[in-house]
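Student: I should like to take a close look at one part of this protein, namely the places where its helices pack against each other. Could you please guide me through them?

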Amino acid sequence: MPRRPTDFAEIFATLRRHRVRFVLVGGVAAVIEGAPVATFDVDIVADRTDRNIDCLVQALIEMKAHYRGRPTLRPSRDALCGTGHHLLMTRHGPLDVLGAIGKGRDFHALLPYSHRRVLAGTPLRVLDLEAPITVKEELDFAKDRAVIPVLRATLRERHRR
């Protein structure tokens, strides 16, 4: 069965409707910032305060989120409070809820490196292009090393304008 395209706008609208505080990271953030990369999932680093986790849980329930490859396993509030990565499938497409990225960069550490953007009428905090380069260099995974030149080229092009 062919996979439906991810409905990014609906994922963002649902998170916004539930007042979830997060920074958009990963491929979608890079695309919004002008990088020519392909991506199929939404990656967010959520604020892990009690109130925000409660909002996140409600949004995930509405989106019928479950762990990818495990349709009966739903993310728990306790699990979402940690720094781990939750690779989820929702009725709108894949959503990765990350407690932190790189060397422990959580929501509050990333916030100063993000800025406000509006996508399909929904305001978002989007990570700038410099921060993912640093994170990808720290992690030193092959898939991350492959995209670093693209991000750097996008930054150079932006500075020329």
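Tutor: The answer below begins with the whole chain and then turns to two helix pairs.

This is a predicted model, in which local features need pLDDT of at least 70 and side-chain atom pairs count only at pLDDT 80 or more, while totals for chains, interfaces and linings use all residues. Residues are numbered from 1 along each chain as its sequence is written, and side-chain values use heavy atoms, with hydrogens and water left out.

The protein has seven helices and seven strands; helices (H or I, at least four residues) and strands (E, at least two) are DSSP runs, numbered from the N terminus. Along the sequence they follow the pattern α-β-α-β-α-β-α-β-β-α-β-β-α-α. The C-alpha trace spans about 45 × 35 × 35 Å along its principal axes. Of the 161 residues, 43% are buried, a word that means under 20% relative accessible area with a 1.4 Å probe, protein chains only.

Consider helix H6 (residues 130–139) and helix H7 (residues 142–160), which pack at an angle of about 155° with their axes 10 Å apart. Axes are lines fitted to C-alpha atoms, for helices over the stretch in contact, and angles run from 0 to 180 degrees between N-to-C directions. H6 and H7 are therefore roughly antiparallel to each other, since angles under 35 degrees count as roughly parallel, over 145 as roughly antiparallel, 65 to 115 as roughly perpendicular and the rest as oblique. Their crossing is left-handed: the near helix is turned anticlockwise from the far one by less than a right angle, whereas clockwise would be right-handed. From H6, Glu130, Pro132, Ile133, Lys136, Glu137 and Leu139 meet Asp144, Val147, Ile148, Leu151, Arg152, Leu155 and His159 of H7, where contact means heavy atoms within 4.5 Å. The residues of this contact divide into seven nonpolar, one polar and five charged. Here Ala, Val, Leu, Ile, Met, Phe, Trp, Tyr, Cys and Pro count as nonpolar, Asp, Glu, Lys and Arg as charged, and the others, Gly among them, as polar.

The second pair is helix H1 (residues 8–17) and helix H3 (residues 50–62), whose axes come within 9 Å and cross at roughly 135°. H1 and H3 are therefore oblique to each other, and H1 passes H3 in a right-handed crossing. In this pair, Thr14, Leu15 and Arg17 of H1 meet Leu56, Ala59 and Glu62 of H3. The contact residues comprise three nonpolar, one polar and two charged.

Terms used:
Buried < 20%, exposed > 50% of the residue type's maximum accessible area, 1.4 Å probe, protein only.
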